[in-house]
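Colleague: Before I use any of these terms in my notes, I would like to hear the reasoning behind each of them. Could you take me through it step by step?

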Amino acid sequence: FYDLTVNSSDGNGAWTTAGATALNLMRNITLTSGSLTLGNTMDINGDFLMNGGTLLASGYGINIAGNWTRTSGTFTSSANTVTFDADVPGKTITSSGMSFGNVTFNNAAGTWQLQDILDVNGNLTITNGTLDVVSSANTIYVGGNWSRTGGTFTHSNNTVIFDAADTDNTITPGNPVGGAFGSIRFDNAAGRWQILGSDTLKVDSNFLVTNSETAGTGVDLNGKTFDITGDFTISGGKVTAGAAAINVGGNFTRTAGTFTSGTSLVTFNATEPGKTITSGGQSFYGVDFNSPNGSGTWTLQDNFTQTNTAAFTKGTLIFNGYTYNNYNITQTVTVGNGFTLNIGTGFLDGGGGFVNRMSLVVGDGSYVGIGTNGRILTHNLTINGTGTFNNTGSSTIWAYNNIIISSPNWIPGTST
């Protein structure tokens, strides 16, 4: 056909395409009234226009080279795949609340611009071309897998919500150049997801887990690398980190759910002050506080526990009256040049005389401050070079082995 219009005068007309033959359209299909049931695949070289009627895909694939515009009517995918294969840029997708089964974008010359929310009950695949979200209001819902093996995803600071209700879902982010997410959220109490591929999963805003299944791995980070510019939040479900490397530029907040740290390394790399850490009783494995420009400031909102290596590299950590537990491994922790460790009225618990214990070195250019009722428990305490240790009140310092002071900036105050 050149063009095809489905428009029943009484609204009751029903047509079915022949089962042995694909429906090929040189240009557009328009559905206004009545119903069309596919008995085979459909290839549209122009636009899909739906302002009424019903299209029953019956699971058969649809290829479309033009715009997809639905303003009203019913599209029933039956888990089919709609493949957008335009060979020119500037194509649009307007779904007006309808849901797709599976969606694939596959033409290196094609560009598709979302005009509203995109809801995919199955898999979303970007093989070639550019998917342009256009607006932060254009949320994408994915009920199956996300796979980007090529092409470009332009997020426009939107949110991709993974809402699968089963346990075999995967996310393959592809190269973060041209494929970063805006924000991502996991939200289904029956869902399980695993991150695949060798590329860093980059999130330019926030990473949120509001729900997942909890009997298995929930959101399985699978030992991959994550670069999160904004907040990392767990308010339900489960995150299994494995050996993941997780960079967090914003707040870390766990209010409910489970964070299983495995052998992961969480690097707090904020570049501005005012960030908070709420661990909600969950422990970290390895941590590094490392602000690239030195301006990052983190304030504890509850007690903090890590079970492996610690690094205070650059920035400021404020205890805010809480306890920092670090006594599950024997190690020497050096406060880095340009780092401020503001213990204040809090407690740095390094285990002291335990089998596993921490020794603290206040090195060149670093600052450790402790105030009234503040406490430090270490194995060895060394203050050397130009390191500053400043006690501003009646604090308590325990060193179960040696205290070595070679810096002129040792200000013990009224500590015990």
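**Reasoning from values to words**

Modeller: Let me begin with one pair in this predicted model: R27 and D3 form a salt bridge, and their closest N and O atoms are 2.8 Å apart.

Colleague: What makes R27 and D3 a salt bridge?

Modeller: The term asks for a side-chain nitrogen of Lys or Arg within 4 Å of a carboxyl oxygen of Asp or Glu, and the 2.8 Å between R27 and D3 satisfies that. The pair also links distant parts of the chain, with R27 in the loop between β3 and β4 and D3 in the segment before β1, 24 residues apart.

Colleague: Why is R27 called partly exposed?

Modeller: Partly exposed lies between the buried limit, under 20% relative accessible area, and the exposed limit, over 50%; R27 has 37% relative accessibility, so it counts as partly exposed.

Colleague: R192 and E213 also meet in a salt bridge, at 2.9 Å from N to O; is E213 buried or exposed?

Modeller: E213 has a relative accessible area of 7%, which is under 20%, and therefore E213 is buried, whereas R192, with 27%, is partly exposed.

Colleague: How do you know that the protein chain, which has zero helices and 49 strands, is more spread out than a compact globule?

Modeller: The globule rule gives 22 Å for 416 residues, and the radius of gyration of the protein chain is 28 Å, well over that value, so the chain is more spread out than a compact globule. Its C-alpha atoms fill a box of roughly 95 × 40 × 30 Å along the principal axes.

Technical notes. Residues numbered from 1 in each chain as written. Predicted model: local features only at pLDDT ≥ 70, side-chain atom pairs only at ≥ 80, totals over all residues. Heavy atoms only, no water. Rg over C-alpha atoms; globule rule 2.2 N^0.38 Å. Helix = DSSP H or I, 4+ residues; strand = E, 2+ residues; numbered from the N terminus. Buried < 20%, exposed > 50% of the residue type's maximum accessible area, 1.4 Å probe, protein only.
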